[in-house]
Amino acid sequence: MKVDCNIRGKLGVQCLQAFTSLAGVYEGEEPRLVVNTGSVDYDTSKKVDLIYDLSIPITERSGTNKSPYWNMGVASRIFRNRENILDKYMKPHKELLSSDKPIAVAVHIRGSDKNVASEDSYIRLVNKAKDLGDPLLFSDDVKLVRRIAKKTKTNIAPSADVVKDYAALLNARVLFSAPNAFILSMLLIRPNKDIRIAGRSYCD
């Protein structure tokens, strides 16, 4: 039987929702990913295939259906089924999984799409990251990251595109971040990755 696995949102959210939905697929069912692009004012076109080599169909439609990953018990279900999903439905692109010069310490600063932490909180987080080395800053909010880099005397990563940034952060030895789906989705590929998530005292 064919089943639709509904996802929506930006890159990290699409990855998390894909695993959420595929974790509920039964033996004998034939899933396809359906990216819902309706009722939002930002780009929600399919992006999960930028990170994963899909062995199942993917399509788009102007809808609002999704597969929430924040409900009770969903994370446990995802990780119980993680290896099966990676084996049967979606494998990370090989070029994402290695780096000739992995970053020692990285800090991801969420852009202006959602204000999770203030500028002052990110400055505290960067200074905390300095305990482990010289952090490299990543963000799609150019003005914000420049101010933070100036105040903390740190360097900004030469961002090329979202996939290269994802790969660089995925391969960073230690990664600091405020909570966001872009970063948390990396645990689907590397569940033991060293990610230091800012706690409540950092988040607004």
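**From the whole chain to one buried residue**

With 204 residues, a compact globule would have a radius of gyration near 17 Å, and the protein chain agrees with this expectation because its own value is 17 Å. The model under discussion is a predicted one. Along the principal axes, the C-alpha atoms of the protein chain fill a box of roughly 55 × 35 × 30 Å. Of the 204 residues in the chain, 48% are buried.

The secondary structure of the chain consists of six helices and 10 strands. The contacts show how distant parts of the sequence are brought together. Among contacts between residues at least 6 apart in sequence, 72% join residues at least 24 apart.

Helix α1 offers a first element to examine. It covers residues 11–22, which gives 12 residues. From its first C-alpha to its last, α1 reaches 17 Å, close to the 16 Å expected at 1.5 Å a residue. Is this helix mostly covered or mostly uncovered? Helix α1 is mostly covered, with 11 of its 12 residues buried. Among these buried residues are L11 and G12 at the start of the numbering, and S21 and L22 at its end. The buried residues of α1 also include Q14, C15, L16, Q17, A18, F19 and T20. As a general rule, an α-helix has 3.6 residues a turn, so residues three or four places apart point the same way.

Attention now turns to the empty space in the model. Rolling a probe the size of a water molecule over the atoms shows where such space is left. The second largest pocket has a volume of about 270 Å³. This pocket is lined by 17 residues, of which S99, I103, K164, A167 and A168 are the closest to its centre. Which helix supplies the largest share of the lining? Helix α5, residues 162–171, does so with five residues. Sorted by class, the lining comprises eight nonpolar, four polar and five charged residues.

A single residue, I183, completes the tour. I183 lies in helix α6, which spans residues 181–184. Since buried means under 20% relative accessible area, I183 counts as buried, because its value is 0%. Which residues does I183 touch, leaving aside those up to four places away in sequence? I183 touches H108, L169, L175, S177 and I195. A further pair links sequence distance with distance in space: I183 and V105 are 78 residues apart in sequence, and their C-alpha atoms are 14 Å apart.

How values were computed:
Residues are numbered from 1 along each chain as its sequence is written. This is a predicted model: local features need pLDDT of at least 70, side-chain atom pairs count only at pLDDT 80 or more; totals for chains, interfaces and linings use all residues. Side-chain values use heavy atoms; hydrogens and water are left out. On a 1 Å grid over the protein atoms alone, a cavity is a set of points where a 1.4 Å probe fits but cannot get out, and a pocket is an open set with protein on both sides within 12 Å along at least five of seven lines; lining residues have an atom within 4 Å of a point. Grid points are joined across faces, edges and corners, and a volume is the space filled by probe spheres set on the points. Helices (H or I, at least four residues) and strands (E, at least two) are DSSP runs, numbered from the N terminus. Ala, Val, Leu, Ile, Met, Phe, Trp, Tyr, Cys and Pro count as nonpolar, Asp, Glu, Lys and Arg as charged, and the others, Gly among them, as polar. The expected span of a helix is 1.5 Å times one less than its number of residues. Buried means under 20% relative accessible area, exposed over 50%, partly exposed in between (1.4 Å probe, protein chains only). The radius of gyration is taken over C-alpha atoms; the globule rule is 2.2 Å times the number of residues to the power 0.38. Contact means heavy atoms within 4.5 Å.
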